[in-house]
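Here is a friendly walk through one protein model, written to be read with the structure open beside you. Take a moment to turn it around first.

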Amino acid sequence: LFSFKNSIKKIIAITIGTSLTIASFSAAADESFTKRLVGKAMDLVGVKYRFGGTSPETGLDCSGYVQYVFKSAGVNLPRVSPEMGRTGESVNTGSMKPGDLVFFNTRGFANSHVGIYLGNSMFIHSPRTGRTVSVESMDISYWKTRFTGARRIENPNSFTDNAPKGM
């Protein structure tokens, strides 16, 4: 498992590096934020799913996982995925970048499931009871047919985010 996990981390790091290089218009601080965010997300691969879970020690549900990862990067998000789906800015599928939130309808309503986009149609999430935090492709039919949208949460330490307004 350790070797597999390290191999996945290397693949994701290459993917993110490529995505960030292609979209290099963002500031270095934003790249650092995204790498830190995705690194923390990858550190939790293998943590068990637990409905209502908010801690890696006892298990994480999908929104508990996303909230935990973003909080470790200094961003406070709402606790449940439908509320997360109203946070940040909406992103078109073709404009998604690593670190964006991706939402799915898995329980009969939009944004009932959330994960973190990694690039190249891959995302990481805490899927369901009996499973663990894992990386999956958004191109498989199950996820493709349930995808409801993506949101971008800005880096709270970004210069542009903190710049004076109206000057």
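In which strand does Leu118 lie? Leu118 belongs to strand β5, residues 113-119. Before going on, please keep in mind that this is a predicted model, in which local features need pLDDT of at least 70, side-chain atom pairs count only at pLDDT 80 or more, and totals for chains, interfaces and linings use all residues. Residues are numbered from 1 along each chain as its sequence is written, and side-chain values use heavy atoms, with hydrogens and water left out.

**The chain as a whole**

The protein chain holds six helices and eight strands. Helices (H or I, at least four residues) and strands (E, at least two) are DSSP runs, numbered from the N terminus. Read from the N terminus, their order is α-α-β-β-α-α-β-β-β-β-β-α-β-α. Of the 167 residues in the protein chain, 43% are buried; buried means under 20% relative accessible area, exposed over 50%, and partly exposed in between, with a 1.4 Å probe and protein chains only. Among contacts (heavy atoms within 4.5 Å) between residues at least 6 apart in sequence, 55% join residues at least 24 apart.

**Strand pairing**

Strand β8 (residues 147-152) pairs with β3 (residues 89-91) in the antiparallel sense over three bridges. Strand β4 (residues 101-104) also pairs with β8 in the antiparallel sense, over four bridges. Two strands pair if DSSP finds at least two bridges between them. To find these pairings on screen, look for Ser90 opposite Arg151 in β8, and for Phe103 with its bridge partner Gly149 in β8.

**Four residues to look at**

| Residue | Location | Relative accessibility |
|---|---|---|
| Leu118 | strand β5 | 0%, buried |
| Asp100 | loop between β3 and β4 | 2%, buried |
| Asn111 | loop between β4 and β5 | 16%, buried |
| Ser121 | loop between β5 and β6 | 23%, partly exposed |

Leu118 and Ala41 are 77 residues apart along the chain, and their C-alpha atoms are separated by 9.6 Å.

What does the side chain of Asp100 reach at 2.8 Å? The side chain of Asp100 reaches the backbone nitrogen of Lys97. Leaving out residues up to four places away in sequence, Asp100 touches Val91, Ser95, Gly115, Ile116, Tyr117, Arg151 and Arg152.

The side chain of Asn111 makes a polar contact with the side chain of Thr148 at 2.9 Å. A polar contact is a pair of N or O atoms within 3.5 Å; within protein, one must be able to donate a hydrogen and the other to accept it, and residues adjacent in sequence count only if both atoms are side-chain atoms. Apart from neighbours within four places in sequence, Asn111 is in contact with Ser81, Pro82, Gly85, Phe103, Phe104 and Thr148. Its phi is near 65 degrees, a positive value in a residue other than glycine. Ser121, not a glycine either, has a positive phi of about 65 degrees.

**The largest pocket**

Which residues lie nearest the centre of the largest pocket? They are Tyr49, Cys62, Arg107, Ser112 and His113, out of 20 residues that line it. Helices α3 (62-72), α4 (81-84) and α5 (141-146) are the elements that give two or more residues to this lining. On a 1 Å grid over the protein atoms alone, a pocket is an open set of points where a 1.4 Å probe fits, with protein on both sides within 12 Å along at least five of seven lines, and lining residues have an atom within 4 Å of a point. The lining divides into nine nonpolar, five polar and six charged residues.

Note on methods: Ala, Val, Leu, Ile, Met, Phe, Trp, Tyr, Cys and Pro count as nonpolar, Asp, Glu, Lys and Arg as charged, and the others, Gly among them, as polar.
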